[in-house]
Amino acid sequence: LKAAILNDSNSQASIGKLYLDEGDIQYGLIYLNKASNQGDVDALLELGLIYCDGNVVEQDFKKCNEYW
C-alpha cells in the first residue's frame with residue numbers, strides 16, 4: 001500500500017484489483033484510475049473490461065473504448 005500511495009502505478013493497479021476482489025468498488029476504481037492516469041497497461045485493460053462487461057459498474061462502451 002505504501003508504494004501505491006507513493007504513486008507507483010504497478011502497485012496502484014494491484015491494490016485496485018484487490019479492492020475490487022474484496023467488493024470495495026469505490027477504492028478499487030480510485031486506485032485503478034490513478035494507475036491508468038500514469039499509463040499502466042494492466043489498469044487500462046482492467047478498467048476497459050469493467051466498463052465493457054458492466055458487471056462492476058454500469059456498462060459504458062464509450063468509457064470502455066477510452067481505456068482500450
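Buried, as the word is used here, means under 20% relative accessible area. The structure treated in these exercises is a predicted model.

**Exercise 1. The disulfide**

Determine how many disulfides a search of the whole structure finds, and describe the geometry and the setting of the link of Cys52 and Cys64.

*Solution.* Begin with the count: the search of the whole structure returns 1 disulfide. Next, take the distance: the sulfur atoms of Cys52 and Cys64 are 1.5 Å apart, which satisfies the criterion that they lie within 2.5 Å. Then consider the torsion: the angle about the S-S bond is -40°, and the link of Cys52 and Cys64 is left-handed. Now place the two residues: Cys52 belongs to helix H4 (residues 41-53) and Cys64 to helix H5 (residues 61-67), so the pair ties together parts that are 12 residues apart in sequence. Finally, turn to accessibility: both Cys52 and Cys64 are buried.

**Exercise 2. The surroundings of Ile50**

Find the helix that holds Ile50, decide whether Ile50 is buried or exposed, and list what Ile50 touches when residues up to four places away in sequence are not counted.

*Solution.* First, locate the residue: Ile50 is in helix H4. Second, compare its accessibility with the cut-off: Ile50 has 5% relative accessibility and therefore counts as buried, given that the limit is under 20%. Third, collect the contacts: with neighbours within four places in sequence left aside, Ile50 is in contact with Leu20, Leu29, Leu32, Asn55, Val56 and Val57. As a further distance, the C-alpha atoms of Ile50 and Tyr67, which are 17 residues apart along the chain, are separated by 10.0 Å.

**Exercise 3. The largest nonpolar core**

State how many residues the largest nonpolar core has and which of them have the most contacts inside it, and then identify the element that gives the most to this core.

*Solution.* The largest nonpolar core has 13 residues, and those with the most contacts inside it are Leu32, Leu47, Ile50 and Tyr51. Two or more residues of this core come from each of helix H2 (9-21), helix H3 (25-37), H4 and H5. Of the elements, H4 gives the most, with 5 residues.

**Exercise 4. Helix H3**

Check the span of H3 against its expected value, and name its buried residues.

*Solution.* At 1.5 Å a residue, the 13 residues of H3 should span 18 Å, and the end C-alpha atoms are 18 Å apart, so the two values agree. The buried residues in H3 are Gly28, Leu29, Tyr31, Leu32, Ala35 and Ser36. Just after H3, Gly39 adopts a positive phi of about 85°.

Definitions and conventions:
Residues numbered from 1 in each chain as written. Predicted model: local features only at pLDDT ≥ 70, side-chain atom pairs only at ≥ 80, totals over all residues. Heavy atoms only, no water. Helix = DSSP H or I, 4+ residues; strand = E, 2+ residues; numbered from the N terminus. Buried < 20%, exposed > 50% of the residue type's maximum accessible area, 1.4 Å probe, protein only. Contact = heavy atoms within 4.5 Å. Core = buried A, V, L, I, M, F, W, Y, C linked by side-chain atoms within 4.5 Å. Expected span 1.5 Å × (residues − 1).
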